Amino acid sequence: MKEIWTSIRRTPYQSLSAFLILFFTLFLTLILFVSLTFLYGTLNYLETKPQVTVYFQNKTVENHIFKVRDELMSSGKVLNIKYISKNEAFNIYKQLNKDNPLLLEMVSADILPPSLEIYAKKPIFLPEIAEYLKKQGDIDEVQYEKDIIDKLLVLTNTIRKSALIFFSYLIIMSIIVLTTMILFKIALKESEITLLKLIGATNFYIRKPYVLESLFLGISASLLSFGIFSFIVFYFNPFLQSYLRGVTSLSVDVFNYPLAIWPLNYVFFTIVFVSISLFGAIIASVASYIATNKYLKV
Amino acid sequence: MAYGRGAGGNRKITMITFDKVTKKFPLGNTALSDISFEIDDNQFVFFVGQSGAGKTSILKMITQEIIPTSGSIIVDDFDVTDKNFSQKIALRRKIGIIFQDFKVLADKNIFENVAVSLKVIGADQSEIKTEVRKTLELVGLSKKEMVFPVQLSAGELQRVAIARAVIGNRDIIIADEPTGNLDPKTSWDIMKIFKKFEGKRTIIIATHNTDIVNSFQKRVLVLKEGKIIKDQRKGGYEL
């Protein structure tokens, strides 16, 4: 630690530049990572809602409805289908309007249509399912949140592709800048490295101080990025709570394990912190490895 | 002629063998031309010759800094001309090197400068402490272990370099113009330190200093234009 600090003090501008580049990369990565996580979480949330609701005409017999249901289930594109009979629809109606006796008096089970609430395996199947239902007989109306799902799908895909390009650019840029900074430092110690090689030092021994310093800068930049990110998130937490009112929870699948991301929790924050620290450490290690490689061929 | 390492202890063995070694650089100039010689274990040898005669090339080949174009070099059983040589580190840990420009690390104090030679081989802290102090005593710098190089004279810096080269029982000590930057009196003081290791290590010194070579009366290999023109067992410096 003492050697790391001495090295930073001896080349403060190179160290500061390396730190700022790392911070810039890690902070943007953090923002993109969390934004994407929330977008996927929102998609997952929407998948838990009835995505297509098909209302049958009043005269439709239950056998026909069940036939449509079974055909959809066997298509492999549907996760679950819930049948709402006339009576169940009426019960739901009563529940929703229990405070309004006038509305309850005007409606009976006879006039409410039977329906199917359909949950697709993937949002991408929704238009296909809706089209299939429209072609069936005795259909009164097919409702699905096409616009929202479509927009979210487009948005998620766009962000994912842009993020990939942006990530690659950030990683390459930060590795190049960091490598250059380390090369400046090493150039000042070229004769020392040559001497160490001649007296039998291993490559690891020579690399160690540079790798450790880069790791220190990488992890420090991760800590600062995470600190600022956490501050922003907690500062805007009341706004987020009001914006996401009604959304009880959001989660994403991580290796088939559902990770809760909303409401904000310590597990999610810990995973974000570990990921960003690892990312910072990897960038720093790669850059220092590349930089030192040039001077080890004695 | 090599002699096997025997139980007797006093039997002579060959430490370094150059066999028909030639070194041509890519631009065409020839540094060494078909040279052969052997240096025995614990022998004290001077390489003399004018600048460009090939002295430094020989030293650099011993440490495998450069590889010969043809011929073979064996250093303490290591074939350093083998292109697949994978024991460069092990070889270099047997060799202590002293340079004309000292190559002392400016940002480390004297103790640390000497200790680095043990640190690279993974010695533990207590061993480093003991050995460094013992070696600094040997080169006459025991009172300056916490001093930084900028505070030392050229002669003292060369003592530091010698201490760094001899510490850790390195079998071979190579010195490339060790007195090149020193005044005559300091040069003699430095050579007296080498004398302390006579018969204990293989010492190879490349130098221009006629007086020193003549007074030491040790083996002298005279180089001219990349060839050995004279090999005297107890020689002087004559060109």
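**View 1. Contacts within chain B of the predicted model**. Among the contacts in chain B with a separation of 6 or more, 66% join residues that are 24 or more positions apart. Chain B contains seven helices and ten strands, and of its 239 residues 42% count as buried.

**View 2. Helix 3 and helix 5 of chain B**. Two packed helices are described by the angle between their axes and the distance between the axes. The axes of helix 3 (residues 110–119) and helix 5 (residues 154–166) of chain B come within 7 Å and cross at roughly 30°; because angles under 35 degrees count as roughly parallel, helix 3 of chain B is roughly parallel to helix 5 of chain B. The crossing of helix 3 of chain B and helix 5 of chain B is right-handed. Helix 3 of chain B contributes B:Ile110, B:Asn113, B:Val114, B:Val116 and B:Ser117 to the contact, while helix 5 of chain B contributes B:Val160, B:Ala163 and B:Arg164. By class, the residues of this contact are five nonpolar, two polar and one charged.

**View 3. Where chain B touches chain A**. Eleven residues from chain B and eleven residues from chain A take part in the contact. On the side of chain B that touches chain A, there are five nonpolar, two polar and four charged residues.

**View 4. Helix 11 of chain A**. Helix 11 of chain A (residues 266–293) has 28 residues, which at 1.5 Å a residue should span 40 Å, and its end C-alpha atoms are indeed 40 Å apart, so the two values agree. The buried residues in helix 11 of chain A include A:Phe268, A:Ile276, A:Phe279, A:Gly280 and A:Ile283, and also A:Ala284, A:Ala287, A:Ser288, A:Ala291 and A:Thr292.

Methods
Residues are numbered from 1 along each chain as its sequence is written. Chains are lettered from A and ligands numbered from 1 in the order in which they are written. This is a predicted model: local features need pLDDT of at least 70, side-chain atom pairs count only at pLDDT 80 or more; totals for chains, interfaces and linings use all residues. Helices (H or I, at least four residues) and strands (E, at least two) are DSSP runs, numbered from the N terminus. The expected span of a helix is 1.5 Å times one less than its number of residues. A residue is buried if 20 or more other C-beta atoms lie within 10 Å of its own, exposed if 12 or fewer, and partly exposed in between; C-beta atoms are placed from the backbone. Two residues are in contact if their C-beta atoms, placed from the backbone, lie within 7 Å. Ala, Val, Leu, Ile, Met, Phe, Trp, Tyr, Cys and Pro count as nonpolar, Asp, Glu, Lys and Arg as charged, and the others, Gly among them, as polar. Axes are lines fitted to C-alpha atoms, for helices over the stretch in contact, and angles run from 0 to 180 degrees between N-to-C directions. Angles under 35 degrees count as roughly parallel, over 145 as roughly antiparallel, 65 to 115 as roughly perpendicular and the rest as oblique. A crossing is left-handed if the near helix is turned anticlockwise from the far one by less than a right angle, and right-handed if clockwise.
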